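Have the model open in your viewer and keep the selection box handy. We will walk from single residues out to whole chains, one selection at a time.

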Number of protein chains: 2
Amino acid sequence: MAQQRRIQLCTQRPTSTVCVLGTELSLDIQGSAPKDAIAFHVQGTPGVKVYVVHETQSVKLPSSVTRWPLAAGTEVLLTMEAISKDVGDEKVRISYFGEASGVPVGRAMLYLTCVEVSLDADTGRSGSVSRTLVDKTTWTWGPDGHGAILLVNCDRDDPKSRLMGDSGEPQSQPTDNRDTIVCSYEDSIAPEEYKHVLGGEKLAYAVKPSQHQEESIFYVEGLAFPDAGFSGLVAFHVTLLESPEKGLLETPIFTDTVVFRVAPWIMTPNTLAPLEVFVCSVEDNEDFVAAVSMLAEEAKCPVTICPLPENRNDRWIQDEVEFGYVQAPHKMFPVVFDSPRDRGLKDFPVRSILGPDFGYVAQETPENTSSLDSFGNLEVSPPVMVCSKEYPLGRILIGSSFPRFGGRRMAKSVRNFLAAQRVQAPVELFSDWLQVGHVDEFLSFIPAPDRKGFRLLLASPSACYQLLREKQEMGYGEATMFQGLHGVPKPSINEILGNEALRKFNAYTQSCISWNRDILKRELGLAEQDIIDIPQLFQADNQARAMAYFPDMVNMLVLGRHLGIPKPFGPLVDGQCCLEERVRALLQPLGLSCTFINDYFSYHKLDGEVHCGTNVRRKPFAFKWWRMVP
Amino acid sequence: MAQQRRIQLCTQRPTSTVCVLGTELSLDIQGSAPKDAIAFHVQGTPGVKVYVVHETQSVKLPSSVTRWPLAAGTEVLLTMEAISKDVGDEKVRISYFGEASGVPVGRAMLYLTCVEVSLDADTGRSGSVSRTLVDKTTWTWGPDGHGAILLVNCDRDDPKSRLMGDSGEPQSQPTDNRDTIVCSYEDSIAPEEYKHVLGGEKLAYAVKPSQHQEESIFYVEGLAFPDAGFSGLVAFHVTLLESPEKGLLETPIFTDTVVFRVAPWIMTPNTLAPLEVFVCSVEDNEDFVAAVSMLAEEAKCPVTICPLPENRNDRWIQDEVEFGYVQAPHKMFPVVFDSPRDRGLKDFPVRSILGPDFGYVAQETPENTSSLDSFGNLEVSPPVMVCSKEYPLGRILIGSSFPRFGGRRMAKSVRNFLAAQRVQAPVELFSDWLQVGHVDEFLSFIPAPDRKGFRLLLASPSACYQLLREKQEMGYGEATMFQGLHGVPKPSINEILGNEALRKFNAYTQSCISWNRDILKRELGLAEQDIIDIPQLFQADNQARAMAYFPDMVNMLVLGRHLGIPKPFGPLVDGQCCLEERVRALLQPLGLSCTFINDYFSYHKLDGEVHCGTNVRRKPFAFKWWRMVP
């Protein structure tokens, strides 16, 4: 529906006004009628389309009717279809008639100037700005949705830009959205070309059009991601104001509005192709770095090794950051989410990852952080469908103490941030039963050629007991674990199966994992056949919290079909580790290649494994987030 | 879909577990199978319903098939339909068979105890708690919606409860939601009967069921209204935890969740029946109070006169508060919204309105407040339909400086609060052109028997000029205004029409009102016939802001069909005020009775009128807010 503007007329003197192209003027015929008038005639120059609405019928003029009654329901509407060449170059005349026909009892003249005012953006999501007839004031999701998209300018295009804030302190987030400089649109235009006109204290900007200026181009940068207090929608308005009589204030004539949505931060599941593997080089992990590098080479994926000076002997790069991306129709770039866990790797994301077209985001966490705030506790599923509800970008998984009383929980600000992105609706799992408490200690996703395109791997004490009993029955009860590991006790299958405390504790950990299995089946719409149980045992710490009894195999690195799995050092049966053998038997039929990486002393004994010690930047989804309905 | 829980079995020893009524157990048949097993038989006692899911078919047992292959896709599901009388009084036995049929190669026993755990609320919105099969974890709007509703306990049931906070300072909002006492459900039960178990620091409460305790009843009070950072949804969970082996932590077995929505604060338009009229008695307004009281008597509506000690000579009771209400299926009560404007009437809402079953709400406004924060600038339309979108509770109207640069605007916290209620989607109008800047200076709604059930009245300088010109043409040019008002200049119609500065200023105010007319037509779906132009003139203050030139007639008190209109003191034509005559001619045909109240010295000269000096508590809508779709 076209915007409509009411115009008062006057029989004493002519009225002049502006008509904005695409809008409608409604003339106040009654308001200017002389007291004896009972009918009117209306006539316009050729550039004005005139309609009389009478008794709910709309009649385009000229028509056979020449005089219209001055009835309460009678309206005169005008539109114009071309911009005026001169001020007031089109006009409309209203003639009023009394009882006695013939000479008009009064006349009202309206001089019209047609101008074009429009605020345009890429509302069609084509990648370029265009005029549109769709409603620009609303933003809709889905394949037929419309509405413009804004990226948070959270990268740092000028690598020379200062890392220090105005106060001389290091800036915690020295990203491009923190200043008023628009630092390049195509990463090639010098910032000097742009002037900051809106944002911060500047809530309005006057555009003074000249006759030659047909178009003003504004570049827009997002300053913040959607969050608990910010839906992500940003509205811009342009208002045409009429210069009034001297001494009076300007009056609005026309407003156009365009609504943008700030693009969400999106996580990438294991099923997406790896683009870059990260691993830390610390004092004692040369072999591990070599093994990861070799695996990455097989997967044809480059490796970035974070050196000791940058990691300050902190090897847990999975916990420090999560790689994701932002996308608009015109541009896409990776964005690293820096966790509130700030140990040795604290400065690495800002100093070494943030850069041109590589964004950065973090959340302030006023509360005391716990181990559950590390991003080993933040994973995302592949795309799933739950009943008829589609999650084409998967669902975020975080570990929590829920449904138990108290306990540890991820910081509220991080949970709010993740939920506010809306496109990967988070699921809270129960991970507080673990000493470290991360979801990657009991689950992983791997690509599969069939079914939903993936399998969920779950650590399974029950599958491990079944395997060990099977081997015992086959006569391998004396086979021992941890062969070749210096100084590590070597329990036999018989000893493990005879350890009643260990059995009870693993029945308990199994029930915790089963609880999560039930949630995952429900919230991700999985069937039993979508889940693979990976044999694993846990042991209790002194607070009855679970730690992996042998290297935790689900805590793996997934690079396409190449899996880097913590080497379990299971009992040797016929010279073969029966745990490795079982895992190969489960995964190789899916076309996956299993590489067991020795992380025993360098990671496992420090309460982490291969996944905790690596990180992967992955290819974004082919699916565009705005085409989903959250 | 029933909640499902995965159960591990064991051939070494029997397994015991609890089955929650209405849920499903999924048995891990493969996980406990001896290594040579290739098939199984399953059998349950009569209280257990057993299903085998094989090749995607679900077969209820007993069936003609007695042995099932141990294939990957084969599942065994159990349900129970009655609560157990004893622990483990039902059981299921799995027998495993190898290649050689006959004797089982292993057996797994499962002892089952069926219990009932359910968190119930009035999800059906019937006014009482009931069991339901609908999804309690979601809350949906509309006539077919479901989900429980919570009221903010913002009244003060104990009139003796202290107005002082713990610090000895007066409490700004001493409402029942500010303490941990549940002060009556039916306003008849002593608070001692209740124990505070959840809320504030208390995030969990352990229910220890005995064999005799079949039901625990919890009362819930809302603590805060929906707001920018709070959607209004509150989730409660009950979790059944299994007491584990000594030294281990409890494990969750079942969780039930119920989601409540906090009821929004709802405004009442002029078209709703008046229940109570408020007016302030100050030093110089005896006649005004008498006139308002007489009008209220005609409308059969009680009057509450706020005495001088309580209003401290502040007569603008419209500006201090807005009356609304909250509603749940089981209860409804009025709630006064206290504006950030804190003048003489500052303490009146808390001291004299807040009470048993009369709630109170306010918003903190850290910014400097302006005149636009007064609630004369907060109105609500009657129910409207815009294109096909229904607003069965109308839309809130607030005045703003938009679309002009800068200027005054209602405090963000109040705007956020109003929008967050969702059921009366606010529309921002342009009111900053007025010196006082309130929407009630240029608009009002009155009931009407036809069309949409109401008319929008708009102040109209153009209609006033038309009327005065008509009277001039009829020979009454020398008729003067303000007859009978001592010390007030008495301009004639000729003088007014000859005042070029006044004409230009009123052309400007007309364009500001027309701008709002266009917005109102668009946002409320109004036609020209839904609008009545009420003759009115404005004059400029020294900043070119508008003030009513004569008492502002749209600023009226609407009590059903009885209107209390500021007496305009227009030019006397044949002994009749031509302005009053015109307004009667416009409104009486709608069945309305016009009473013109002299507020000239007591209100008009102090920049307000009848509406500003009164307030009305109205009957709530018959329409229940949860039946709409916002």
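Start by selecting B:Phe482, which is buried in this predicted model. Its relative accessible area is 4%, and the cut-off for buried is under 20%, so B:Phe482 falls within that class. Trace the backbone on either side and you will find B:Phe482 in the loop between α6 (461-476) and α7 (493-498) of chain B. Then check the torsions: B:Phe482 is not a glycine, yet its phi is positive, at about 60°.

Next, select B:Arg312 for another positive phi in a residue other than glycine, here near 45°. B:Arg312 sits in the loop between α2 (308-311) and α3 (317-320) of chain B. Is B:Arg312 buried, partly exposed or exposed? With 47% relative accessibility, B:Arg312 counts as partly exposed.

While you are looking at backbone geometry, display the omega angles. In chain A, select A:Leu61 and A:Pro62, which are joined by a cis peptide bond with omega about -5°. A:Pro62 belongs to the loop between β6 (57-60) and β7 (68-69) of chain A. Now jump to chain B, where a cis peptide bond with omega of about -5° links B:Leu61 and B:Pro62. There, B:Pro62 is in the loop between β6 (57-60) and β7 (68-69) of chain B.

Stay in chain B and select B:Ile266, in strand β14 (residues 266-267). B:Ile266 is buried, at a relative accessible area of 0%. Which residues does B:Ile266 touch, leaving out those up to four places away in sequence? Show B:Gly324, B:Tyr325, B:Leu393, B:Val423, B:Gln424, B:Phe621 and B:Trp625 to see them. For a sense of distance, draw a line from the C-alpha of B:Ile266 to that of B:Ile38: the two are 66 Å apart in space and 228 residues apart along the chain.

Back in chain A, go to A:Asn516, in helix α8 (residues 500-524). This asparagine, A:Asn516, is buried as well, with a relative accessible area of 0%. Beyond its neighbours within four places in sequence, A:Asn516 has contacts with A:Leu429, A:Phe430, A:Trp433 and A:Phe442.

Now turn on a surface. Select A:Leu198, A:Tyr205, A:Val207 and A:Phe218: together they form a nonpolar surface patch with about 320 Å² of accessible area. One of them, A:Phe218, lies in the loop between β11 (148-150) and β12 (233-242) of chain A. A:Phe218 has 42% relative accessibility and counts as partly exposed.

Zoom out to chain A as a whole, in cartoon view. You should see nine helices and 35 strands. Along the principal axes, the C-alpha atoms of chain A fill a box of roughly 120 × 55 × 45 Å. The radius of gyration of chain A is 34 Å, whereas a compact globule of 630 residues would be near 25 Å. Colour by accessibility and 55% of the 630 residues of chain A count as buried. Chain A exposes about 27000 Å², with carbon and sulfur atoms supplying 51% of that area.

Finally, show both chains. Chain B superposes on chain A by a rotation of 180° with 0.1 Å of shift along the axis, at an RMSD of 0.1 Å. The two copies are therefore related as by a two-fold rotation axis. To find that axis from chain B, select B:Gly229: its C-alpha is the nearest in the chain, 2.5 Å from the axis. The same surface serves both copies, as 98% of the contact residues of chain B recur in chain A.

Technical notes. Residues are numbered from 1 along each chain as its sequence is written. Chains are lettered from A and ligands numbered from 1 in the order in which they are written. This is a predicted model: local features need pLDDT of at least 70, side-chain atom pairs count only at pLDDT 80 or more; totals for chains, interfaces and linings use all residues. Side-chain values use heavy atoms; hydrogens and water are left out. Patches are made of residues with over 30% relative accessible area and no salt bridge: like charges are joined within 9 Å, nonpolar side chains (Val, Leu, Ile, Met, Phe, Trp, Tyr) within 5 Å. Accessible areas come from the Shrake-Rupley method with a 1.4 Å probe; for residues, only the protein chains shown count as cover. A salt bridge is a side-chain nitrogen of Lys or Arg within 4 Å of a carboxyl oxygen of Asp or Glu. Helices (H or I, at least four residues) and strands (E, at least two) are DSSP runs, numbered from the N terminus. Buried means under 20% relative accessible area, exposed over 50%, partly exposed in between (1.4 Å probe, protein chains only). The radius of gyration is taken over C-alpha atoms; the globule rule is 2.2 Å times the number of residues to the power 0.38. Copies are superposed by least squares on the C-alpha atoms of residues with pLDDT of at least 70 in both. Contact means heavy atoms within 4.5 Å.
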